[in-house]
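Here are my notes on this one, in the order I would go through them at the bench. Have the viewer open as you read.

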Amino acid sequence: MSKQFDVVVIGGGPGGYIAAIRAAQLGMNVACIDEWKNAAGGPAPGGTCTNVGCIPSKALLQSSEHFEHANKHFADHGITATGVKMDVAKMVARKDSVVKQNNDGILYLFKKNKVSFFHGRGSFVKAAEGGGYEIKVAGATEETLVGKQIIVATGSNARALPGAEFDEVNILSNDGALRIGAVPKKLALIGSGVIGLEMGSVWRRLGAEVTVLEGLPTFLGAVDEQIAKEAKKAFDKQGLKIELGVKVGEIKNSKKGVSIAYTNSKGEAQTLDADKLIISIGRVPNTIGLNAEAVGLQLDERGAIAVDGDCKTNLPGVWAVGDVVRGPMLAHKAEEEGVAVAERMAGQHGHVNFNTIPWVIYTSPEIAWVGRTEQQLKADGVKYKAGTFPFLANGRARALGDTTGMVKFLADATTDEILGVHMVGPQVSELISEAVVAMEFKASAEDIARICHAHPSLSEATKEAALAVDKRTLNF
Ligand code: FAD
Ligand code: NAI
């Protein structure tokens, strides 16, 4: 006998589990299927983000930052810390327990919201008689669910480099990168994007000699150029070696480690030997095992599920959200789409504003931005004004002992509407929210400049950068 639901969600990552909860809040009878297994084989909902992405990477970034502070910065405060050691096994165990708290939290939320959770792989069987779709769940047992509507939220997988298969021992995806058991003497990374910089930072702080090989000639091409330059300066100073414009050739993997042949930006042949190699060259949408063909669910040329602006697929009653569809591969983007789809299913006007999705890179200094970069505005022929304010001139940053970086505002030359805000510096992952709110409300730079900000706080750098748009900074 099949179990009947208003909505069946396939995938329990940030897109899927949030969609399931919102649909249940709106009175629908909801099932969520997720196949992720914890070390004991039990359910571990939360997807890539919770298990091998956002959460564990931030746990390791935090531990390694404490270590770096104890070793390098405590002395500035008059604190003597001798014999500081890192117990990597304990750091990894702490990370695992943070992950588990999140897995358990999601299972609790499912119960609280009366979402029926199924542990196993969900796949399309056929269109159900009387409407909806039959979905098979293959787990410890096999069951068939019928959903009047389906949300596919099956996420993404690490992109592999041909000729360098992930063995998760020497050649690591994000999964293995978060489980390294001892500090490698030499760590190589291919791809200086978000994962490359975050994971490279963790292991550099712990003492590894880290080299990142990047194919493009520009560093962080999607980031505002001025901000990317400032960040690169800071990473160079820390000893994170980033080689731009390389062409990676043959990769040899042996018991001794990994040897990477590449051509540098001058066209010279080079070899990089490392104990471990992390490949972080982007991610690909995941539809493995979904049996999309059985119902004729359309994919696009990238292998993503093809959707319109409302996350509707080519099939009536089938929606898709998160990394498995177009757009930035970010947890909060997946969540926003999940909420919007649940609300649309309930006849409401769910809404995702793609122009105000923030990005954060959790390195030190952190990098955060929302809206368009200066290079994009130039390319679009938009007349704009720019204002910057350095953390060097911010009292709270000086008290923290972290004055790297700046806040930058870009506003329309005529209307003063904020078009982009770009930050590099301490705690900008939190500061960026103010800019997101401002842009969502179509604020002008003048609006932010006229709002009272607490003193002393890092947020004063935001106000001052808004003042700088009109060339009237007060503290610089
Ligand atoms: P996923 O989180 O991938 O979840 C999909 C789920 O569906 C998985 O649990 C999978 O097992 C399950 N599944 C797949 N197919 C089936 C099936 N047929 N049946 C049943 N279950 C299935 N984003 C941020 O916003 N901030 C960050 O700091 C951040 N850090 C990251 C760090 C790393 C190392 C990585 C790799 C990613 C990071 N991301 C971050 C990106 C973020 O993890 C993804 O954007 C987000 O997880 C996408 O959510 P999703 O729900 O679409 O997919
Ligand atoms: P990415 O897209 O951020 O960066 C990949 C980098 O690899 C690019 O700079 C690209 O030019 C380079 N590259 C691609 N092919 C290459 C090759 N053959 N040789 C050398 N360089 C090559 O992808 P990444 O870092 O793998 O992360 C995947 C996604 O996960 C991110 O785009 C982001 O959506 C998400 N993520 C988000 C985080 C956050 O929000 N803080 C943290 C980590 C991941």
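1. Start just past helix α8, at Gly347: this glycine follows the helix and has a positive phi, near 85°. Keep in mind that we are looking at a predicted model.

2. Now step back into α8 itself, residues 331-345. Does its length fit a regular helix, or not? At 1.5 Å a residue, its 15 residues should span 21 Å, and the end C-alpha atoms are 21 Å apart, so the two agree.

3. How much of α8 is covered? Twelve of its 15 residues are buried, so "mostly covered" is a fair label. The buried set includes small residues such as Ala331, Ala334, Gly338, Ala340 and Ala342, but charged ones are in there too, among them Lys333, Glu335, Glu336 and Glu337. Val339, Val341 and Met345 are also on the list.

4. What do those buried residues pack against? The partners are strands β1 (3-10), β5 (142-152) and β16 (318-320), along with helices α1 (14-25), α2 (47-52) and α3 (54-73).

5. On to the annotated site. An unreviewed UniProt entry lists a "binding site" made up of Gly191, Ser192, Gly193, Val194, Ile195, Gly196, Leu197, Glu198, Glu214 and Gly282. These positions are spread over 92 residues of sequence, yet they cluster in space, with a largest C-alpha distance of 14.4 Å.

6. Two of the listed positions deserve a click. Val194 sits in helix α6 (residues 194-205). It has 21 other C-beta atoms within 10 Å, and 20 are enough to count as buried, so Val194 is buried.

7. The other is Glu214, in the loop between β9 (209-213) and α7 (225-238). Is it buried or exposed? Buried, because 23 other C-beta atoms lie within 10 Å. Leaving aside neighbours within four places in sequence, Glu214 is in contact with Gly191 and Ser192, and also with Ile242, Glu243, Leu244 and Val246.

8. Last, the domains. The assignment splits the chain into domain 1 (3-157 + 284-346), domain 2 (171-281) and domain 3 (359-469). The C-alpha centres of domain 2 and domain 3 are 29 Å apart, and their contact takes twelve residues from domain 2 and 16 residues from domain 3.

9. Which elements of domain 2 give two or more residues to the side that touches domain 3? They are α6 and α7, with α7 giving the most, six residues. By class, that side of domain 2 has six nonpolar, two polar and four charged residues.

Key:
Residues numbered from 1 in each chain as written. Chains lettered and ligands numbered in written order. Predicted model: local features only at pLDDT ≥ 70, side-chain atom pairs only at ≥ 80, totals over all residues. UniProt positions renumbered as here; feature names shortened; annotations may be inferred. Helix = DSSP H or I, 4+ residues; strand = E, 2+ residues; numbered from the N terminus. Contact = placed C-beta atoms within 7 Å. Expected span 1.5 Å × (residues − 1). Domains from an automatic or database assignment.
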